[in-house]
Amino acid sequence: MKKHLRLLLVLYLLSVSVITFAQQRTIKGKVYDSNNETLPGVSIVVKGTTNGTITDIDGNYSITVPENAQSLIFSFVGFDPQEIDIAGKSEVNVSMITSYQDIDEVVVVGYGTLKKSDLTGAVSKVGGDDLQQIATSDVLQTLQGKVAGVDVISNSGEPGAGVKIRIRGVGSWNNSDPIYVVDGFPTNDISNIAPSNIESIEILRDASATAIYGSRGANGVVLVTTKQGSESKAKIEVNAYGGVQYTNERIDLTNATDFSILRKEAFENVGKLIPPDELEILDFVIANNYKGTDWQDELLGVAPVQNYNITALGGNDKVSYNVGATLFMQEGLIDNSGMDKLFLWVNNEYKLSDKVTLGANISYSTFKKNNHNADAFSGALPIAIRMDPITPAWDKQTNNYGSRFLSGVVIVNPALAVDEAENQTRGEHKLVGNFSLNIDDIFTEGLSFKTMYAADLKFYHAKNFYPEYFIAADQFRDQSQLYEQKGTGVSWAWNGFFNYTRTFNDHSINAMAGTEVQEFKWDDIWAQGFDVPALDDLMYLGLARNKEQRDLGGSASKNTLASFFARANYSYKSKYLLTATMRADGSSKFLGDNKWGYFPSFSAGWNVKEESFMQDVNFIDRFKVRAGWGQVGNEGSIGNHDYVTTMNTGYTYVIGDRIVDGAVAKKIANPDIKWETSEQTNVGVDFSFLDQRFDVSIDYYNRTTRDLLLEKQIPYYVGAQRPTVNAGTMKNTGFDISLNWHETRGSGFKYAIGLNISAVSNEVTDLAGDEPFADGSVPKLGSVTRTEEGEELAYFYGLQTDGIINDQAELDAYLTDVTSSKAELGDVKFIDQNDDGMIDDEDKIKLGSAFPDFTAGLNIDLGYKGFDFKAFIYASVGNEIVNGNSYWTHTSGILSNYSTDRLNRWTESNTSTNEPRMVSNDPNQNWRFSDRYVEDGTYVRLRNIQLGYSLPKNIIENIGLSKLRVYVSADNLLTFTKYSAWNPEVASYGGALGGGVDYATYPMPTIINGGINLTF
């Protein structure tokens, strides 16, 4: 009986096994990230069970599922979980979608990392993929409009011109540039890093976040993390694009006929005779309706841009690597203004043991660009808008550059200025090495130690050759000139710090303490020779034939910084967060008790969503409140030796029968000079709604900068430059708002829309009793900005006008009020603000400001199956611009070409106009700086639009590829603005106090390009 029972039991178990086996099947496939790269470590679970697996190093998986299983759940940190239907399928490949606001995302902060949910400061992150949308070699340009509270303004459209980056406004009139930290190495320049080699950029915006960088954090901190290899199969990425650049922007100037009519009228209105030979030419041009030379068309053309990148990444459990190269080549819209740039890098990480890691990042970059001449009086663009349209660029009869037509005006032929730039170049070689050692669980679990040494070697070379030429008796250079400069910069930094992380019960701490030492050195030498051969092979100073006329000079500088820092983060139940930071910096730029500065900060956060009363509020996924306070310094606002009296040499005097060399004090010393200090309070809230599809972040801040350095006003009879003193105070208040929505539809359609808005209000609150000071100097107009207590920094300051004097009654009334005026019919009416009968500096008022009411960036990202579409729109609203070009183009006299607006000038038959009469001697001084030069600077620009297509994996895998994407892209395709000059994106002219002042700024190009992304 027992035998039969055992037999029945065995048969039953076998039947169950057979039935069970028959009811199971195997699903295989690969998992990719949003870049179509295979993704290891992805968790895969059969829905409704605990049956699961993970992807291997190549992203492959295989899982046995019940026959009736309907779906698999794919999940991975940093990506949205996905439920995939598997009914009737044996192979399922999945593309994971990046989670835009994952609360467990790790964010880089100063000397460490934190989970986003544990942050208490204002920190924003931009992924590396978002930094490759714009066709540029300057990674800072790609940040424009990506982060609330961060304004990025291009210096010009010239290749290699650089940008101004301002985090929460202008914090100092001396230096408002942020500090950049690349893989832990503090630096003032990241132009040596290719955008394709960046993993992410974190921007620390408030003092509670930046205080860990102490004396260098007042203007914000930009943390750059470069790409590293990983434990995965080797892959090779190839990215390339090429395109063309052009600009349709033009300043509307008169042709030769209209110019001649206006020029004749300017002489006739004052009864002045035109020289007979000039009058003959003007009459000939008018009679033949001659169009003449369009100097903007002569200078601004179509130019190519190209970029090629190759990167190899991979590794194993011992070594990971990232090796790459990028070649960027961009010609300018103006000939001889382009730049070529090469980037090379090797990022290696060695796992010496489970707890010891060695990192070695080495990069080399080099560039060479033409020195496009932008000088106010001899630069190609400034003289192009002044040169008359009668003069040809090249005179075929003389086989030479055209001789200037305008009599009595010294202007170089713009075509000559462009051609001369061919032999005016500058370049740089830069080598950066960054070596780090990290030891985990040293002495005890959770305690780690990291040390880093990095060095930056820079070799600079500039060479400008000016050939001799002869166009006319007043347009020549009688001997050639050669100027060369070579410089070497060496900076290095060492730091070492301990970090302790521990969680016990409901408490979590993350504490860090360390020290850092930095040194910065620069030296250069320059020389100038004359009568140098104009052949490339002979263009050297040693071959200068003029042995008596030479010039030589050089300089050197050095400063050092020693620091101690500490930070502690505390969390209770992930609800209540506290952060405290302290840094002490000692700088060689200061003396005595002022040598050391101390920079504390405190911040707190409350994850309200973690409270019990929020658990049933299902539509809110995250709700956090943050607040922080801190102080940071601005060591970059002061020179290396501003505390001592500098001397000017080269003075000689005869004492007895000997010639004695002498020196004179250049500037009065101030040994009590100290740090500029910025104190900032920040309050913020972060929300996520609807399964993290909608994210909102809002920050309000109040930032006060004290002890601003300015030159103390002293009597001129002192005989030396003004001393630098700590005397100013300035305040910025504002809002940063970020709104992001992203969603994936079951049909394969995904989209993301991000909007960020920044608004800053600026006020100079104290000048220590000094009088307001002027700046923003524009050629022929003088200073156009003014800084005083109670107003925005460097607001536009000039005369107010009230139209044109159109009839005799208006003229009589005006001359009654302004008794000193020499105005006549058709002249500008200036308002006598103080009613003293005179128009002078006492009548100047505030005319506007370069500070916008707000800036905004709109980012759109769409995807459907293999197609992707991206668009980026940037706007600056409510700012004004001083159009310095208008002195020449809207003149009443005879100094240059004219704007077409001048065709509507006042005449006896045209009295309803806002354009003054043509008059060669301008007795009313209509040209004086006034509100006629101030224009609305608001603009909205389609910064980039891009359409791409990725070929299906089942097609490209057959040819050994894991990714193949092609795309077309356009930068600066459309700009909507009322501004009348080339480019409403104006950085500054003549320094920090010249913001919003435009003087012949190089136009911003529209770039149309096509590209390809390959991964093997």
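Which residues does Thr-311 touch, not counting residues up to four places away in sequence? In this predicted model, the list runs to Lys-235, Ile-236, Glu-237, Asn-322, Val-323, Gly-324 and Trp-345. Thr-311 itself sits in strand E20, which covers residues 303-315. With a relative accessible area of 3%, Thr-311 falls under the 20% cut-off and so is buried. There is also a polar partner within the strand's own stretch of sequence: the side chain of Thr-311 makes a polar contact with the side chain of Asn-309, at 3.4 Å.

**Helix H4 and its two sides**

Let's move on to helix H4, residues 276-287. Its twelve residues, at 1.5 Å each, should span 16 Å, and the C-alpha atoms at its two ends are indeed 16 Å apart, so expectation and model agree. Glu-278, Leu-282 and Val-285 are the buried residues to look for here. If you sight down the axis of H4, the buried residues fall within an arc of 65°, so they line one face of the helix. What do they pack against? Their partner is helix H3, residues 256-268. Turn the view around and the face of H4 pointing away from that buried side shows the exposed residues Pro-276, Asp-277, Glu-280, Phe-284 and Ala-287. Just past the end of H4, Asn-289 takes a positive phi of about 50°.

**Phe-405, a loop residue**

Phe-405 belongs to the loop between strand E25 (400-401) and helix H7 (414-420). Is this loop residue buried or exposed? At 12% relative accessibility, Phe-405 is under the 20% limit, so it counts as buried. Leaving aside neighbours within four places in sequence, Phe-405 is in contact with Phe-259, Arg-263, Glu-278, Ile-281, Leu-282, Asp-388, Ile-390 and Thr-391. Two names on that list, Glu-278 and Leu-282, should look familiar: both are buried residues of H4. For a sense of scale elsewhere in the chain, Phe-405 and Ser-637 are 232 residues apart in sequence, and their C-alpha atoms are 47 Å apart in space.

**Salt bridges**

Side chains of opposite charge can pair when their charged atoms come close. How many salt bridges does the model have? The count comes to 40. Here are three of them, with the distance between the closest N and O atoms.

| Acidic residue | Basic residue | Closest N and O atoms |
|---|---|---|
| Asp-297 | Arg-250 | 3.1 Å |
| Asp-456 | Lys-430 | 3.2 Å |
| Asp-802 | Lys-829 | 3.8 Å |

Take Asp-297 and Arg-250, a salt bridge at 3.1 Å. Asp-297 lies in helix H5 (residues 295-299) and Arg-250 in the loop between strand E19 (232-246) and H3, so the pair ties together parts that are 47 residues apart in sequence. Both ends are partly exposed: Asp-297 has a relative accessible area of 46%, and Arg-250 has 25%.

Next comes the salt bridge between Lys-430 and Asp-456, at 3.2 Å. Lys-430 is in strand E26 (residues 424-439) and Asp-456 is in strand E27 (residues 447-466), so this pair links parts that are 26 residues apart in sequence. Here both partners are buried, Lys-430 at 1% relative accessibility and Asp-456 at 6%.

Then there is the salt bridge of Asp-802 with Lys-829, at 3.8 Å. Asp-802 lies in strand E45 (residues 801-804) and Lys-829 in strand E46 (residues 828-830), so parts 27 residues apart in sequence are tied together. This one is mixed: Asp-802 is partly exposed at 46%, whereas Lys-829 counts as buried at 14%. Elsewhere, salt bridges that share partners join Arg-168, Arg-205 and Asp-736 into one network.

**Strands E40, E41 and E48**

Asp-736 also gives a handy way into the strands. Strand E40 (residues 724-744) pairs with strand E41 (residues 749-766) in the antiparallel sense, over 16 bridges. Within that pairing, Gly-734 stands opposite Val-760 in E41. The two strands form a hairpin with four residues between them, and Gly-748 in the turn has a positive phi of about 95°.

E41 has another partner, too. Which strand do ten bridges join to E41? That is strand E48 (residues 854-864), and the two run antiparallel. To find the spot on screen, look for Ser-758, which stands opposite Thr-855 in E48.

Definitions and conventions:
Residues are numbered from 1 along each chain as its sequence is written. This is a predicted model: local features need pLDDT of at least 70, side-chain atom pairs count only at pLDDT 80 or more; totals for chains, interfaces and linings use all residues. Side-chain values use heavy atoms; hydrogens and water are left out. Buried means under 20% relative accessible area, exposed over 50%, partly exposed in between (1.4 Å probe, protein chains only). Contact means heavy atoms within 4.5 Å. The expected span of a helix is 1.5 Å times one less than its number of residues. The arc is that of the directions from the helix axis to the C-beta atoms. A polar contact is a pair of N or O atoms within 3.5 Å; within protein, one must be able to donate a hydrogen and the other to accept it, and residues adjacent in sequence count only if both atoms are side-chain atoms. A salt bridge is a side-chain nitrogen of Lys or Arg within 4 Å of a carboxyl oxygen of Asp or Glu. Two strands pair if DSSP finds at least two bridges between them.
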